[in-house]
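User: Please take a close look at a single helix in this structure and describe what surrounds it.

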Amino acid sequence: MGQECQACGRRAFPLDPYACEACGAGTDRLTQVELNATGHIHAVATVHRHHHPRPVPPFTVATIVLDDGITVKGVLEGDVSDAKVGSRVQAVTVPWDTDEDGTEVVDLRFEVVR
Amino acid sequence: MGRNILADRPVYVVGIGLHRYQHKTDTTYVQLGLTAVREALADAGMAWTDVETAYTGTALLGMGASRIMLSRLGATGIPMAQVENASASGSTAVAQAALDVASGRTDVALALGVDKPRGGLPMAPNEAGIKNLEGGTIVPFTHFALLASEYMDQHGVSAEQVAGVALKNHRNGSRNPFAQRQKERTMEEIMADPISGSMSRLQCCPVGEGASAVIIASGDGIDRLGLDRDRAIRILASATRTEGLYGPGLGIDAALTVEAAQDAFDQAGVEPADMDVLEVHDAFSIEELLYTEALGFCEPGQAASFVESGEFDIGGRCAVSPSGGLLAMGHPIGPTGTGQVAEVARQLRGEAGERQQPDARTGLAHMVGVGAVCVVHVLQKP
């Protein structure tokens, strides 16, 4: 989900808990809009060193331009051997953690469409 | 817009001093800072009692760093404050000191940068309650690895060409006694030990400890204290910009630099082609390519070939990061921006020894910081 500002029309991702960054309109003027979970790789890098326990390196991250025109960064999932600039990707969810009440938490990632 | 007070009342760098940048040691920040300030005072030929105000650029030391340190030169009671602007903290200390003097409030101001690593870099944006998709996976070296990927793809540049920046800056650093890394490296050494994408260990800056001090004075101050006018370097411009919302095309870091540079060049009444020396925020090798282009030294995609052909070498068209830059001199955070201004001033005085850019008259110092912020100073030998 992304957000659209009813005051100035700016679409943004991620959802902002405070205001529109373009015009300052409050959250009462921000509506959630569905974004297409597909796009293409704009830049890609394999991370060899990471300061957190997870994900375990090496893993591959990408700058992705969604078909809606919004740019996001995310971790690539699955086979990344042919991931390159221009590759089509789609969002996938992967199990990440379990909440205190037992609810499964998922992580949103992208996989190369073949 | 207000007046350009640096044009109304000229201000000058009159003293510079440094404590070498290095891996964390048991040396206290007080000792690091005092070493730099004492050297700057001696360099200027003035006494601590001549300094009328002080700004300490630091991002990591915590509250109240200035007085406990600087009172060891004499508790003169002058106004002091810490300045935090992420990686640009020292640059903003220079800006505050320069604007203080230009305003006429004081004739002599100190800008000091000092820091020590504390295990991790506390960053307020991570506490802002704004979630993003990537979580903690895109740390700075990966952010710039992605920009390197984009740059190489768009301009048909190789990973070795990007690494050429590190080759040059490690060579420059080997001639700088204040640099944390003072060893010339081969391309093979630089390409070894990948960190993220094409960014290898020696293409990422070391964050250690150190200090650098810049003393700034008005013309009145120089005359009253009998300082050497021939060694005074004028600050022509001080520009600070924060990140706006940019359309597709230039990345945030480059677009922000374009804006700050435009402001600085307008204030100074100079052009990129006038620059002889440039200290840029090369925390990662790709950044020097992005910023030299954003500063207007060449067209997008050309900087890699400029590095390759030696145009950015000491002795080339414009010496870029003659100090070794953040890659080799190091990036101890608070001192980095003040250290850049010290290096540019040293070059414009013609006192940089074996790393001297011949006939250097005009130079520029550029820092970017998390936030994002960008601070640019233009200096010139009168």
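Analyst: In α2(B), the buried residues (under 20% relative accessible area with a 1.4 Å probe, protein chains only) are Tyr29(B), Val30(B), Leu32(B), Gly33(B), Leu34(B), Ala36(B), Val37(B), Ala40(B), Leu41(B), Asp43(B) and Ala44(B). The model is predicted: local features need pLDDT of at least 70, side-chain atom pairs count only at pLDDT 80 or more, and totals for chains, interfaces and linings use all residues. Residues are numbered from 1 along each chain as its sequence is written, chains are lettered from A and ligands numbered from 1 in the order in which they are written, and side-chain values use heavy atoms, with hydrogens and water left out.

Helices here are DSSP runs of H or I with at least four residues, strands are E runs of at least two, and both are numbered from the N terminus. Helix α2 of chain B covers residues 29-44, and its 16 residues should span 22 Å at 1.5 Å a residue, which agrees with the 23 Å between its end C-alpha atoms; the expected span is 1.5 Å times one less than the number of residues.

The buried residues of α2(B) pack against β1 (11-22), β4 (108-115) and β7 (209-218), and also against α3 (65-70) and α13 (334-349), of chain B; contact means heavy atoms within 4.5 Å. Just after the helix, Gly45(B) has a positive phi of about 75°.

Beyond the helix, 26 residues of chain B are in contact with 30 residues of chain A. In chain B, Leu133(B), Leu146(B) and Leu245(B) lose the most area to chain A, together 30% of what that side buries. Buried area is the accessible area (1.4 Å probe) that two parts lose on being put together, summed over both. Between chain B and chain A it is about 2200 Å², with carbon and sulfur atoms giving 64%.

Notes
Buried means under 20% relative accessible area, exposed over 50%, partly exposed in between (1.4 Å probe, protein chains only).
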